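Work through the exercises below with the coordinates open. Try each task before reading its solution.

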Amino acid sequence: MVTAEVVPFVEQSSGVTGTPQVPQQRGERLLDIAVRYAAERHWDVLPGAWLEDDGATTYCSCGARDCRTPGAHPLATDWTTAATGSASVIHTLWTEHPRASILLPTGRTFDALDVPETAGCLALARLERRGLPLGPVIRTPDRRMLFLVLPGAATKVPDLVRKLGWSSPAGIGLRLHGEGTYLPAPPTRTGRYAPVQWAVPPTPANRWLPDTEDLLSPLAYACGREAAMLRMS
């Protein structure tokens, strides 16, 4: 099976000169990482809940023992207006909550195509072999991969998937993140799992995100293949 290398939270050298891109260093404060996402990628960021550990169990800082997304939901109920790209506001937010997770609202500077990990690894290998444009890719502990693309994917993908021969994105395990949703950003920890990681980190080479059409065919094919295999198992 083809597997994608998980890039740890350490600085990567892309061989491309330009503005430094989100230096990824172990031990950095979440505040500093959030500021870099905003300053160097021009992404809005949003403080989220974090994980608490009482020695016996791990639970969400919101206090709800039955929290559906522990460590990965916004602190603010009006999170769409709380998301910000201002370094000074980010400093204030994370100074108040230094352990807050980092969330990235979608539908602004990017959308995301969310696929099962196995399908994502297959598609990633094919995209790289063909030299097709590729933006940053997030890998989550619940075995999903999130491909960042230009905004508008959430509205275009259903029709595009049908044209490729499938009934719907959901039917092949493809999820969409557009306006009104958010993603956990590395190094956010969710539930009892390890941190969210970069499968493909932000670099000067992928500052410009691909359009949905550039990635959808390989992703849909990989998702459809995995869905068919699951039905036969």
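**Exercise 1: a residue in a strand**

Leucine 146 has a relative accessibility of 3%, so it counts as buried, the cut-off being under 20%. The model used here is a predicted one.

Task: find which element holds leucine 146 and which residues leucine 146 touches beyond four places in sequence.

Solution.
- Step 1. Locate the residue: leucine 146 belongs to strand β7.
- Step 2. List the contacts, leaving out residues up to four places away in sequence: Ala112, Leu113, Asp114, Pro136, Val137, Ile138, Thr140, His177 and Leu183.
- Step 3. Take a C-alpha distance: valine 115 is 31 residues from leucine 146 along the chain, yet 6.5 Å separates their C-alpha atoms.

**Exercise 2: a helix**

Task: check the length of helix α6 against the expected span, then state what its buried residues pack against.

Solution.
- Step 1. Helix α6 covers residues 212-232, which is 21 residues.
- Step 2. The rise is 1.5 Å a residue, and the expected span is 1.5 Å times one less than the number of residues, so α6 should span 30 Å.
- Step 3. The end C-alpha atoms of α6 are 29 Å apart, which agrees.
- Step 4. Pick out the buried residues of α6, among them Leu215, Leu216, Leu219, Cys223 and Glu226.
- Step 5. Find their partners: the buried residues of α6 pack against β5 (111-116), α4 (117-130), β7 and α5 (153-163).

**Exercise 3: the largest pocket**

Task: give the volume of the largest pocket and describe its lining.

Solution.
- Step 1. The volume is about 470 Å³.
- Step 2. The lining has 21 residues, and those nearest the centre are Thr69, Ala72, Asp142, Pro184 and Thr190.
- Step 3. Two or more lining residues come from each of β7 (144-149), β8 (175-177) and β9 (182-184).
- Step 4. Sort the lining by class: 10 nonpolar, six polar and five charged.

**Exercise 4: backbone angles**

Task: describe the peptide bond from proline 186 to proline 187, and place histidine 42 and arginine 143.

Solution.
- Step 1. Omega is near 5° from proline 186 to proline 187, and the bond is cis. Proline 187 sits in the loop between β9 and β10 (197-200).
- Step 2. Histidine 42 is not a glycine, but its phi is positive, about 60°. Histidine 42 lies in the loop between α1 (30-41) and β1 (46-48).
- Step 3. The relative accessible area of histidine 42 is 53%, so histidine 42 is exposed.
- Step 4. Arginine 143 has a positive phi near 65°. Arginine 143 lies in the loop between β6 (137-140) and β7.

Definitions and conventions
Residues are numbered from 1 along each chain as its sequence is written. This is a predicted model: local features need pLDDT of at least 70, side-chain atom pairs count only at pLDDT 80 or more; totals for chains, interfaces and linings use all residues. Side-chain values use heavy atoms; hydrogens and water are left out. On a 1 Å grid over the protein atoms alone, a cavity is a set of points where a 1.4 Å probe fits but cannot get out, and a pocket is an open set with protein on both sides within 12 Å along at least five of seven lines; lining residues have an atom within 4 Å of a point. Grid points are joined across faces, edges and corners, and a volume is the space filled by probe spheres set on the points. Helices (H or I, at least four residues) and strands (E, at least two) are DSSP runs, numbered from the N terminus. Ala, Val, Leu, Ile, Met, Phe, Trp, Tyr, Cys and Pro count as nonpolar, Asp, Glu, Lys and Arg as charged, and the others, Gly among them, as polar. Buried means under 20% relative accessible area, exposed over 50%, partly exposed in between (1.4 Å probe, protein chains only). Contact means heavy atoms within 4.5 Å.
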